[in-house]
Amino acid sequence: MRIVVTGASGLIGSALVPALREDGHTVTALVRRTPRTGGEIQWDPAAGRLNPTALAGTDAAFHLAGAGIGDHRWTDGYKRLLRDSRITGTDLLARALAALPPPPRVFLTGSAIGWYGTSAGGDAGPLDESAPAGAGFLARLVEDWEAAATPAREAGIRVVTLRTGVVLSRHGGSLGRQLPLFRLGLGGRLGSGRQWLSWISRVDQVAALRLMLAEDSVAGPVNLVAPEPVTNAAFTAALASALHRPAFAAVPRLALRAALGEFADEGVLASQRLAPAVLTGAGFRFTHPDIDTALRAILTDGV
C-alpha cells in the first residue's frame with residue numbers, strides 16, 4: 001500500500017515508519033518543514049495548507065502528529081496549542097482524504113485514553129472502549145479530536161481512533177524522562193501511588209498499529225494499552241527492581257501541583273485502569289503483557 005504518516009519523527013512514528021517499509025509498503029511523511037527527500041510532502045495544518053493532489057493514490061493514513069501533552073506547563077496558550085495541533089490537523093487531513101478519488105481504505109488517527117477522564121476503572125475493574133467520555137480538559141480535547149475525523153467517516157473511509165496509553169520506551173516519553181533519576185536511585189512514587197497506569201510498550205504499540213492497518217473489521221475507538229495495568233506504586237517498584245536501584249523517594253501531590261499545575265491532576269496523578277478489549281477481540285497477542293516483561297525488554301534490548 002501507499003501510506004501517508006504524520007508525526008513520522010515522533011516516539012511512535014519513528015518506529016512505525018521503518019516497520020511499515022519492512023512490510024513492503026511505500027511510506028510518505030507529511031512534514032511542516034521543507035521536504036528533504038521524495039518521501040516527504042509539506043503541509044501546514046495551522047494555515048490549512050495541504051495539496052490534495054500530492055495525496056493521490058493514498059491507500060491508508062496514520063495521523064500521529066500533535067504537541068506533547070506533558071512537554072510544557074499547561075498555560076492557557078499551551079492548552080490552545082494542544083487543541084489546535086490535534087483538531088486542526090485532523091480535520092484538514094480528514095477532509096483531504098475524503099476528497100480523494102477514490103478515498104483511502106483506512107484512516108488511523110491519534111487519540112488518547114484521556115477520553116475516560118482522570119478517574120477511570122479502579123477497584124470496579126478496567127473499562128473498555130464502550131465507556132463514556134469523562135470530565136476535564138483532556139476528556140473534552142479527545143472528544144473534539146476524535147470528532148474531527150468525521151469527514152473521513154462520512155466519505156466511507158474506515159476510521160480507527162487510537163486511544164493510546166502511556167507508551168514505554170527508553171527513547172522518549174515519560175519513561176525516557178524517568179530513567180536518569182531512577183538510575184541514580186532518586187526515583188519514587190508520585191502522590192499516593194494508588195493511581196492506575198494504563199501503559200503499552202512501544203513494540204506492542206507498533207505491532208498493534210500494523211494489525212489495525214490490515215484488519216478490516218476494526219473501526220472506531222481502540223484502547224492501545226497492555227492487558228495488565230498497574231498502580232504507580234507497582235510501576236515504581238518494578239522499574240527500581242529492573243534497574244537494581246532503590247526507590248524510596250515520594251513526590252507529594254501538592255509538590256506536583258506546584259510544579260506542573262493542571263497537568264498534575266490530569267496527567268501524572270490521573271487514575272486510568274483500562275482494558276484493550278478491541279485488540280484482544282481481534283486476536284492481538286502482546287509481546288509484553290505485564291510490566292516486568294516490558295521493562296526487562298526495554299532496558300535489555302533498548303526498544
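These legends go with a set of close-up views of a predicted model.

**View 1. Helix H7 and its buried side.**
Helix H7 covers residues 232-243. At 1.5 Å a residue, its 12 residues should span 16 Å, and the end C-alpha atoms sit 17 Å apart, which agrees. Look for Asn-232, Phe-235, Thr-236, Ala-238, Leu-239, Ala-240 and Leu-243, which are buried. An α-helix has 3.6 residues a turn, so residues three or four places apart point the same way. The buried residues of H7 have plenty of partners: they pack against helices H5 (173-183) and H11 (291-301), and also against strands E8 (166-168), E9 (188-190), E10 (196-197) and E13 (230-231).

**View 2. H5 against H7.**
Here H5 and H7 pack with their axes 11 Å apart, at an angle of about 60 degrees. That angle makes H5 oblique to H7. The crossing, as H5 passes H7, is right-handed. On the H5 side the contact is made by Leu-175, Gln-178, Leu-179, Phe-182 and Arg-183, and on the H7 side by Phe-235, Thr-236, Leu-239, Ala-240 and Leu-243. Sorted by class, that gives seven nonpolar residues, two polar and one charged.

**View 3. H7 against H11.**
The H7 and H11 axes come within 10 Å and cross at roughly 40 degrees. H7 therefore counts as oblique to H11. H7 passes H11 in a right-handed crossing. From H7, the residues to pick out are Phe-235, Ala-238, Leu-239, Ala-242 and Leu-243; they meet Ile-291, Asp-292, Leu-295 and Leu-299 of H11. By class, this contact has eight nonpolar residues, one charged and no polar ones. Phe-235, Leu-239 and Leu-243 may look familiar: they take part in the contact with H5 and also meet H11.

**View 4. His-244, just past the end of H7.**
Right after H7 comes His-244, with a positive phi of about 60 degrees. Most residues other than glycine have a negative phi. His-244 takes its positive value although it is not a glycine. The residue lies in the loop between H7 and strand E14 (249-251). With 70% relative accessibility, His-244 counts as exposed, whereas Leu-243 of H7 is buried.

**View 5. Helix H6 from end to end.**
H6 takes in residues 202-214, 13 in number. From its first C-alpha to its last it reaches 19 Å, close to the 18 Å expected at 1.5 Å a residue. Its buried residues are Arg-202, Asp-204, Gln-205, Val-206, Ala-208, Leu-209, Met-212 and Leu-213.

**View 6. H1 against H6.**
Helix H1 (residues 13-22) packs on H6 at an angle of about 50 degrees, and the two axes are 10 Å apart. The two helices are therefore oblique to each other. H1 passes H6 in a right-handed crossing. H1 brings Ser-14, Ala-15, Leu-16, Ala-19 and Leu-20 to the contact, while H6 brings Arg-202, Val-206, Leu-209, Arg-210 and Leu-213. The class tally is seven nonpolar, one polar and two charged residues. On the H6 side, Arg-202, Val-206, Leu-209 and Leu-213 are also among the buried residues of that helix.

**View 7. The Pro-101 to Pro-102 bond.**
Most peptide bonds are trans. The one joining Pro-101 and Pro-102 is cis, with omega about 0 degrees. To find Pro-102, go to the loop between helix H2 (76-98) and strand E5 (106-112).

**View 8. Ser-271 and its contacts.**
Ser-271 sits in strand E15 (residues 271-272). At 15% relative accessibility, under the 20% limit, Ser-271 counts as buried. Leaving out neighbours within four places in sequence, Ser-271 is in contact with Thr-118, Ser-119, Ala-120, Gln-195 and Trp-196.

**View 9. Val-278 in helix H10.**
Val-278 belongs to H10, residues 277-281. Its relative accessible area is 27%, so Val-278 is partly exposed. Not counting residues up to four places away in sequence, Val-278 touches Glu-129, Val-218, Pro-221 and Val-222. For a wider frame, include Ala-61: its C-alpha is separated from that of Val-278 by 20 Å, and the two are 217 residues apart along the chain.

Conventions: Residues numbered from 1 in each chain as written. Predicted model: local features only at pLDDT ≥ 70, side-chain atom pairs only at ≥ 80, totals over all residues. Heavy atoms only, no water. Helix = DSSP H or I, 4+ residues; strand = E, 2+ residues; numbered from the N terminus. Expected span 1.5 Å × (residues − 1). Buried < 20%, exposed > 50% of the residue type's maximum accessible area, 1.4 Å probe, protein only. Contact = heavy atoms within 4.5 Å. Axes fitted to C-alpha atoms, helices over the stretch in contact; angles between N-to-C directions. Parallel < 35°, antiparallel > 145°, perpendicular 65-115°, else oblique. Left-handed = near helix turned anticlockwise from the far one by under 90°. Nonpolar A, V, L, I, M, F, W, Y, C, P; charged D, E, K, R; others polar.
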